[in-house]
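Hi,

Here is the structure I promised to send over. Have a look at it first, and then read on for what turned up.

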Amino acid sequence: MKRQLTSIIMCIAAIAAMAQNKADIEVCYTAMSPNFKNGKTDIKNQYVLLANSAGSKFFSPKTEYIDSLNSTPEGKAAYEEITRNAYFGGKMDQLPRRDGKYYVVKSTADNNIRTYEPVGIDKFVYDETAEFNWETCDSSKTILGYECFKAVTDFHGRRWTVWFTPEIPLRNGPWKLGGLPGLILEATADGGQYSFAATGIQQTAKPILPVYLADDYEKTTRKDFLKNNRSFTDNTLSRLNTQLGGGISITKVTDKDGNDVSNSIFASRKVVDFIETDY
């Protein structure tokens, strides 16, 4: 199966014009990230990478399902009914819940990465050019039956160590990572707070659908998005009051050093920071 998958991907370039909207491979990843309330790495999300030679989409299937429902009046009514039935039926485990919150869409032709991500109840989208300066290493190991090789790079404030397999010759990987002569199956940022690990790979012909509700996202730049996100994280209650038009009562709270932390329910940047820190 592994050799067959490799052969299929090697032929993608010849048929890309006919299949740019369909994936050739589906990779499931477990993403680990820190809890911003205490900095502990205990948030686990399930993401999927749908990719072909023309591009890819990295997303949470659970989040996409909810967004797909909310993209039409009929679907939104169904979503509200599911939520209402679960809540009043005392079956909170059946509430439709988002998993990962962002979408990353890559385009091979122009080397572009487009990220869709919310800040509170606001939504933002930004583009950037993929730029990686990889250093490959001699180390190798087997992941999901594929021989993988080690590489490291500095990217947007963090140093990443990844394992990629030339047996699947797609210059892609989880999140924004890519640019190596093979698919990235594992990636870990220094300190271990952020990581991605492939848990399954299969051939597929699933469509790479556009992001639902894409028109609801406000265009920005990457660094402006990060600064906005930091402002929200540091002043959560005040920002929510602004977004929701008021109504949230804020009680003054101080930390052990006497600093006013009334506006935030999250730890400071000194304790935990975003996956990108170069803002």
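Strands E1 (residues 25–34) and E11 (residues 195–203) run antiparallel to each other and are joined by eight bridges. Across that pairing, tyrosine 29 sits opposite alanine 198 in E11. Bear in mind that this is a predicted model.

Zooming out, the two strands belong to an open sheet of twelve strands with mixed pairing, in the order E7-E8-E9-E10-E11-E1-E2-E3-E4-E5-E6-E12. The edges are strand E7 (135–143) and strand E12 (218–219); each has a single partner strand, so one side of each has no neighbour in the sheet.

On edge strand E7 you'll find isoleucine 143. Isoleucine 143 is buried, at 5% relative accessible area. Leaving out residues up to four places away in sequence, isoleucine 143 touches Cys148, Trp163, Leu185 and Glu186. Of these, tryptophan 163 is 20 residues away in sequence, with 8.6 Å between the two C-alpha atoms.

Next, helix H5 (residues 222–234). Its 13 residues should span 18 Å at 1.5 Å a residue, and the end C-alpha atoms are indeed 18 Å apart. Which residues of H5 are buried? They are Arg222, Phe225, Leu226, Asn229, Arg230, Phe232 and Thr233. They cover an arc of only 160 degrees around the axis, so they lie on the same side of H5. Their packing partners are strand E5 (112–119), strand E6 (122–129) and helix H6 (236–244).

Now the aromatics: there are 18 aromatic pairs in the structure. In one of them, the ring centres of tyrosine 126 and phenylalanine 225 are 5.5 Å apart with the planes at 35 degrees, so this pair counts as tilted. It links strand E6, home of tyrosine 126, to helix H5, home of phenylalanine 225, across 99 residues of chain. Both are buried: tyrosine 126 has a relative accessible area of 2%, and phenylalanine 225 comes in at 3%.

Another tilted pair is tryptophan 160 with tryptophan 175, at 5.7 Å centre to centre and 35 degrees between the planes. Tryptophan 160 is in strand E9 (residues 158–165) and tryptophan 175 in the loop between E9 and strand E10 (183–189), so the pair ties together parts 15 residues apart in sequence. Tryptophan 160 is buried at 0% relative accessibility, and tryptophan 175 is buried at 3%. Both belong to a cluster linked by ring pairs, which also takes in Tyr29, Tyr47, Phe58, Tyr102, Phe132, Trp134, Phe155 and Phe196.

Finally, two charges sit over rings. Lysine 57 is over the face of phenylalanine 59, 4.7 Å from the ring centre, and the charged end of arginine 269 lies over the ring of tyrosine 279, 4.0 Å from its centre.

Cheers

Conventions:
Residues numbered from 1 in each chain as written. Predicted model: local features only at pLDDT ≥ 70, side-chain atom pairs only at ≥ 80, totals over all residues. Heavy atoms only, no water. Helix = DSSP H or I, 4+ residues; strand = E, 2+ residues; numbered from the N terminus. Expected span 1.5 Å × (residues − 1). Buried < 20%, exposed > 50% of the residue type's maximum accessible area, 1.4 Å probe, protein only. Arc of directions from axis to C-beta. Contact = heavy atoms within 4.5 Å. Pairing = 2+ DSSP bridges. Phe/Tyr/Trp six-rings, centres within 6.5 Å; stacked < 30°, edge-to-face > 60°. Lys NZ or Arg CZ within 6 Å of the ring centre and 35° of its normal.
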